[in-house]
Amino acid sequence: MWPSAAARGLVILLVGALMGVDPQQLLQLMGNGPPGAAPGGRAREALERELTPDEVQSRDFAATILAFSEDVWTEQFRRAGETYEPPKMVLFAEGVETACGNAPSAVGPFYCPGDKTVYLDPTFFEELEQKLGGSKAEFSQAYVIAHEIGHHVQNLLGYSAKADRARRTSSKTEYNKMSVRLELQADFLAGVWAHYGQQKFNFVEPGDIDEAMRSAKAIGDDRIQKNSRGFVSPESYTHGTSAQRTKWFRLGLQSGDLDMMKKLFDLPYDEL
Ligand SMILES: [Zn+2]
């Protein structure tokens, strides 16, 4: 479902283009990539050439998840008396320049608060497909995207700024604790998304959740180790254990209740 190896080597495709993002801005994002990334000319070419069927499928899958997340979060924000501003989403290969720095290739999916963009590296999704296959892989891919969009929701609600302040003012141990809270909250938000998504996509089968979440984490951790030079992926921060992540995802899935995530932030650390 995600681009094959043959499709790599080009900056692939940009869901943002579907979402009303200025293509010029996207070219800039791709054209100024780190050494080894496609130069501007090639990026332009990549944008203008026809997409392969695999690429079309990748784009459509990510776009479906993104579009549905917009429905869910617009409604949840409306209920809370707030206005939801959707994130941008960029699929990339061979590195990408972001407001959070130059991301090398194979860094895995991440969200950059500075440009409110979810960056997806499709090779990550291919690995999930190879490892899990079928509905489990599809569920994992959707979960990973929803988790990154969860970071965007946190950003809009001011939690990212709170964590940022903690990073500047507290000890490493305290900051790690804050980071775990933030990650578990993003998992919870992915669960809330899945609560509403389940009715529409029916992608969650009870046995799938544990294995899919473990695999997503394992592949993520591998990549973080491979990419420890230079760019620090926001996803390289402490995430909590697999058991904690599954617990909070499930709580979101069962409750669909945004209010509960505020409680998560106030719970004593050892009760997370
Ligand atoms: Zn995260």
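**Buried residues and a small sheet: how we know**

Mentor: Let's start with Val144, which sits in helix H5. Keep in mind that this is a predicted model.

Trainee: Happy to. Why does Val144 count as buried?

Mentor: Val144 has 26 C-beta neighbours inside 10 Å. The cut-off for buried is 20 or more, so Val144 counts as buried.

Trainee: And which residues does Val144 touch, leaving out those up to four places away in sequence?

Mentor: Pro109 and Ala216. There is also a C-alpha separation of 9.9 Å between Val144 and Ala212, although their positions lie 68 residues apart along the chain.

Trainee: What makes Ile145 buried?

Mentor: The reasoning is the same kind of count. Ile145 has 24 other C-beta atoms within 10 Å, and a residue needs 20 or more, so Ile145 is buried. Ile145 is also part of helix H5, residues 134-157.

Trainee: What does Ile145 touch, not counting residues up to four places away in sequence?

Mentor: Ala62, Ile65 and Leu120. As for Tyr111, its C-alpha is 9.6 Å from that of Ile145, with the two 34 residues apart in sequence.

Trainee: Which residues touch the most other members of the largest nonpolar core?

Mentor: Tyr119, Tyr143, Ile145, Ala146, Phe188, Leu189 and Ala190, out of 53 residues in that core. Helix H7, residues 172-201, supplies the largest share of the core, with 10 residues.

Trainee: Tyr119 is on that list. How do you know that Tyr119 is in contact with Val90?

Mentor: Contact requires C-beta atoms within 7 Å, and Val90 is listed among the contacts of Tyr119 once neighbours within four places in sequence are set aside. The others are Phe92, Val96, Thr98, Ala103, Pro109, Phe110 and Cys112.

Trainee: Now the sheet. What makes E1 and E5 a pair?

Mentor: Pairing takes at least two bridges. E1 and E5 (residues 117-120) are joined by 4 bridges, so by that definition they pair. The two strands run parallel, and Lys88 has Thr117 in E5 as its bridge partner.

Trainee: What is the strand order in the open sheet?

Mentor: E1-E5-E4, 3 strands with mixed pairing.

Trainee: Why are E1 and E4 called edge strands?

Mentor: Strand E1 (88-91) and strand E4 (110-112) each pair on one side only. Neighbouring strands of this sheet are turned by 25° against each other on average, direction ignored.

Conventions: Residues are numbered from 1 along each chain as its sequence is written. This is a predicted model: local features need pLDDT of at least 70, side-chain atom pairs count only at pLDDT 80 or more; totals for chains, interfaces and linings use all residues. Axes are lines fitted to C-alpha atoms, for helices over the stretch in contact, and angles run from 0 to 180 degrees between N-to-C directions. A nonpolar core is a set of buried Ala, Val, Leu, Ile, Met, Phe, Trp, Tyr and Cys residues joined through C-beta atoms within 7 Å. A residue is buried if 20 or more other C-beta atoms lie within 10 Å of its own, exposed if 12 or fewer, and partly exposed in between; C-beta atoms are placed from the backbone. Two residues are in contact if their C-beta atoms, placed from the backbone, lie within 7 Å.
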